[in-house]
Amino acid sequence: MQNIMIVGAGKGGTAILKILKESEVLKVDVVIDRNLDAPGVLLAQEEGIKTGTNWRPFLTEDIDIIIEVTGNDTVFQELRDAKNKKTILIPGSVAFLVSKLMEEKEELVAKHKNESYQQELIFNATNDGMLVIDNHGKVILFNKRAEEIMGVKKEQAIGKAVLEVIPTSRLPIILETRRVEANQEMVLSNDRKIITTRIPIIEENGTLMGAFAVFKDITEVVNLAEEITDLKEIQTMLQAIIHSSDDAISVVDENGRGILINPAYTRITGLSQEQVIGQHATADISEGESMHMKVLQTRRAVRGVPMRVGLNKKEVIVNVAPIIVKGKLKGSVGVIHDMSEMKSLSRELNRARQIIRTLEAKYTFEDIIGQSEEMMLAIEQAKLGAKTPATVLLRGESGTGKELFAHAIHNASDRKYNKFIRVNCAAISETLLESELFGYEEGAFSGAIRGGKRGLFEEANNGSIFLDEIGELSANTQAKLLRVLQENEITRVGGTKPVTINVRVIAATNVNLEKGIAKGSFREDLYYRLNRMPIQIPPLRKRKEEIPVLCDRLIQKINRDYGRNVEGITQAALLQLFGYDWPGNVRELENILGRAIIFMNYYETFIDVHHLPEIKNKKIGSEPSITNSSDSFGLDQSLSEMLDEYEAKIIQQTLLRLNGNKTLTAKTLGLSVRNLYYKLEKYNLEKNSTQ
């Protein structure tokens, strides 16, 4: 063991001390420096090495080597003169050079260790087994995956001959032949099958360095192949499902780029795959914002968004939902519904409903147009009557819509799923009406069919029967009808056995039944049975404010019946209609509009004044003529403003003519007194009237 004295504990001395303290043949005996806080002194004290500020007391015969690292020539000269001949003196420059070399060695060793560690991490991270031998057949690399596949620990393999580790290995043959063996199947001692590739390691100068093998468990390969096959089958199935859909489908990735569309998408939008796949989600939009991008931003589905897409600006409805896999957004899928197809289906559905309604009751309360106070009252009464089993009596002039009310009452009642029988009492002869209503037994009269026949009351059992023109019934039929209403039973003509029935009677008349009672043509007791819930339907002349809405509905109906495309009626023509008294009510209005549409040219889309010649010159009873009032209506007024002005003028002139008598004015104009007061206040006419 050689004893060393280090003189100088600065940077160089500290470096020399760090190097020598690890040596097994050299021992640092003492460290000298004038500064006891020098880093070398402090390090020596930590290591239990003697320290001092003067080298002379420590320079004994036991010191074999002196390393002078002060850099002071005087100190070096003194040490050389004072040491004995056996002691070796090394100058600081040499020591510094040695320290630098040692530092570089440490750096290289650390770098080598780091690179080796990184290489080992890479080798162990791969899913393939890796085995490397040198040119003598010794194992020099054996990664973790090789341990798992071979069933051999790394410590048991490194440094051993490869045939000791893997008796069936062909790597020694690779060293001899220097040939590559790719994708070879091999059976291990643990009965596991692997696919391996063996490659010789040869330097550029042709020197053989060794060989390595990369291998994979064949079981994993087979499983992977099966998974790929399953995925391809699933993909094929999904593509078949998507392509068979009549709804257009588009799919984008998480960045909003198109990745899939189906043929229906191309058919609806007119865009090919090249115009959509790989393009931004807005590529197909003509009007509106991209729902794909909105869904990708919010991660929430959207439903029923109207848009226009494609070159032809196709009107569509869009549903878009996010595609989320294991919590991660992968894209979005959109389903596009063609609005034209939906509208066509809706039209077919409406036609089907109309056909069904012709089989039973056709109309509902939604089909009844009512805006005036009197009409709204009639509708509310009818809705109330529909909820009760009571007999309803519809009263009103011909053409006001009594049958419409009867249909609506039946459809709003709990009998709507049963039959609705319509009978026009004035259209059937008196001799046949009784047998039609109540039926007859076999042999009741000549010509009666064998087995008899059920009457309309029996046909309507559990449903409703509508008796129009009830005032035209004969006295005998009235008596039988009274029994039906009182006892809920009928007796067939020629029969004696009563038949129990459950029928809701809805009657209608346009005559004054009270006058019929006074003349003896209508039974008073039947009147009280029928008049349990009377509903008065106002004539059209008392609800002229409904004419515009009625015209719209009737024009739609006539268009459908006649195959025309009339869009509406002009304001001038409407004013012409307002100036007429309408004795035939809504039926007459429909007749006039229908005749006008028939004689219109096909390029005309609006009914105008010249299309209404039959009412052009007719006058209203006591109301002012509209043809002489053109100066009162400005061309810049809306229809509602002109109607209000016209109505105010009628009320004002009627009040003046009747000396301001409101009661008589209301009666003359067919208004209730309360309604007249409302209109007087509305048009500020109160100051012109007296009671």
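This passage describes the overall make-up, one parallel sheet and one nonpolar surface patch of a predicted model.

The protein chain comprises 691 residues, of which 41% are buried. Its secondary structure consists of 25 helices and 27 strands. Among contacts in the protein chain with a separation of 6 or more, 57% join residues 24 or more positions apart. The exposed area of the protein chain is about 39300 Å². Carbon and sulfur atoms contribute 51% of that area.

An open sheet is built from 5 strands. Their order is β3-β2-β1-β4-β5, and the pairing is parallel. Strands β3 (50–52) and β5 (88–90) form the edges. Each of these two pairs on one side only. From one strand to the next, the twist averages 25 degrees. Within this sheet, β1 spans residues 2–7 and β2 spans residues 26–32. The two strands are joined in the parallel sense by 6 bridges. One residue pair can be named here: Q2 has L26 in β2 as its bridge partner.

The surface also carries a nonpolar patch of about 530 Å². Its members are L231, I234, M237, L238 and I241. Of these residues, M237 was examined further. M237 belongs to helix α9, which covers residues 218–244. Is M237 buried or exposed? The relative accessible area of M237 is 55%. M237 therefore counts as exposed, since the cut-off for that class is over 50%.

How values were computed. Residues are numbered from 1 along each chain as its sequence is written. This is a predicted model: local features need pLDDT of at least 70, side-chain atom pairs count only at pLDDT 80 or more; totals for chains, interfaces and linings use all residues. Side-chain values use heavy atoms; hydrogens and water are left out. Two strands pair if DSSP finds at least two bridges between them. Helices (H or I, at least four residues) and strands (E, at least two) are DSSP runs, numbered from the N terminus. Axes are lines fitted to C-alpha atoms, for helices over the stretch in contact, and angles run from 0 to 180 degrees between N-to-C directions. Buried means under 20% relative accessible area, exposed over 50%, partly exposed in between (1.4 Å probe, protein chains only). Contact means heavy atoms within 4.5 Å. Accessible areas come from the Shrake-Rupley method with a 1.4 Å probe; for residues, only the protein chains shown count as cover. Patches are made of residues with over 30% relative accessible area and no salt bridge: like charges are joined within 9 Å, nonpolar side chains (Val, Leu, Ile, Met, Phe, Trp, Tyr) within 5 Å. A salt bridge is a side-chain nitrogen of Lys or Arg within 4 Å of a carboxyl oxygen of Asp or Glu.
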